[in-house]
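Here is a short report on one chain. It goes from the overall fold to the helices, then to the loops and the surface.

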Amino acid sequence: AEVFDEAALLVRRHFYDRTLRGLDWDAVSARHRQRYLEARTPAKRSQAINALLDELGASHMLHVTADDPAYYQLADIFSYAIRHERPRHP
């Protein structure tokens, strides 16, 4: 559940509203973490992360995987900013 935990932690540290819109983030995260743990496919795990993000009611919060065209669209948009973080393919 490292990916889920990292997503929850990044939100806690960097979401623009430090009160996380008044949510009990630990409780919300625990509920969605269970769904993540029960997921058997990458798509279902991504859905669990997106359900967590949806709790914030904020736009532009999205988890995408390499199976989603949005992954490549976003990578292209932010390619300069993340140029050192993206894996290189030989």
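A residue is called buried when its relative accessible area is under 20%, exposed when it is over 50%, and partly exposed in between (1.4 Å probe, protein chains only). By that rule, 27% of the 90 residues in the chain are buried. This is a predicted model: local features need pLDDT of at least 70, side-chain atom pairs count only at pLDDT 80 or more, and totals for chains, interfaces and linings use all residues. Residues are numbered from 1 along each chain as its sequence is written, and side-chain values use heavy atoms, with hydrogens and water left out.

## Overall fold

The chain has 4 helices and 0 strands. Read from the N terminus, the order of elements is α-α-α-α. Helices (H or I, at least four residues) and strands (E, at least two) are DSSP runs, numbered from the N terminus.

A contact means heavy atoms within 4.5 Å. Of the contacts in the chain between residues at least 6 apart in sequence, 45% join residues at least 24 apart.

The chain exposes about 6,700 Å², and carbon and sulfur atoms supply 54% of that area. Accessible areas come from the Shrake-Rupley method with a 1.4 Å probe; for residues, only the protein chains shown count as cover.

## Helix α1

The expected span of a helix is 1.5 Å times one less than its number of residues. Helix α1 covers residues 2-14, and its 13 residues should span 18 Å. The end C-alpha atoms of α1 are 18 Å apart, which agrees.

Which residues of α1 are buried? They are F4, A7, A8 and V11. These residues lie on the same side of α1, because they cover an arc of only 95° around the axis. The arc is that of the directions from the helix axis to the C-beta atoms. In general, an α-helix has 3.6 residues a turn, so residues three or four places apart point the same way.

The other side of α1 carries the exposed residues E2, R13 and H14. The buried residues of α1 pack against α2 (25-38) and α3 (42-54).

## Helix α2

Helix α2 has 14 residues. From first C-alpha to last, α2 reaches 20 Å, close to the 20 Å expected at 1.5 Å a residue.

W25, V28, S29, H32 and Y36 are buried in α2. Seen down the axis, the buried residues of α2 fall within an arc of 90°, so they line one face of the helix. D26 and E38 are exposed on the other side of α2. The cover over the buried residues of α2 includes α1 and α3.

Two of these positions can be followed in detail. S29 sits in helix α2 and is buried, with a relative accessible area of 11%. Leaving aside neighbours within four places in sequence, S29 is in contact with F4, A8 and L52. H32 also belongs to helix α2. Its relative accessible area is 8%, so H32 is buried. What does H32 touch, not counting residues up to four places away in sequence? The partners are F4, A48, A51, L52 and E55.

## Loops

Most residues other than glycine have a negative phi. Two residues here depart from that pattern.

| Residue | Phi | Place | Relative accessible area |
|---|---|---|---|
| R21 | about 55° | loop between α1 and α2 | 39%, partly exposed |
| H60 | about 65° | loop between α3 and α4 | 79%, exposed |

Neither R21 nor H60 is a glycine.

G22 is found in the loop between α1 and α2. At 61% relative accessibility, G22 counts as exposed. Where the chain folds back, one distance is worth giving. The C-alpha atoms of G22 and L56 are separated by 9.3 Å, and these residues are 34 residues apart along the chain.

## Nonpolar surface patch

L62, L74, I77 and F78 form a nonpolar patch on the surface. Together they have about 410 Å² of accessible area. Patches are made of residues with over 30% relative accessible area and no salt bridge; like charges are joined within 9 Å, and nonpolar side chains (Val, Leu, Ile, Met, Phe, Trp, Tyr) within 5 Å. A salt bridge is a side-chain nitrogen of Lys or Arg within 4 Å of a carboxyl oxygen of Asp or Glu.

F78 lies in the segment after α4 (69-77). F78 is partly exposed, with a relative accessible area of 46%.
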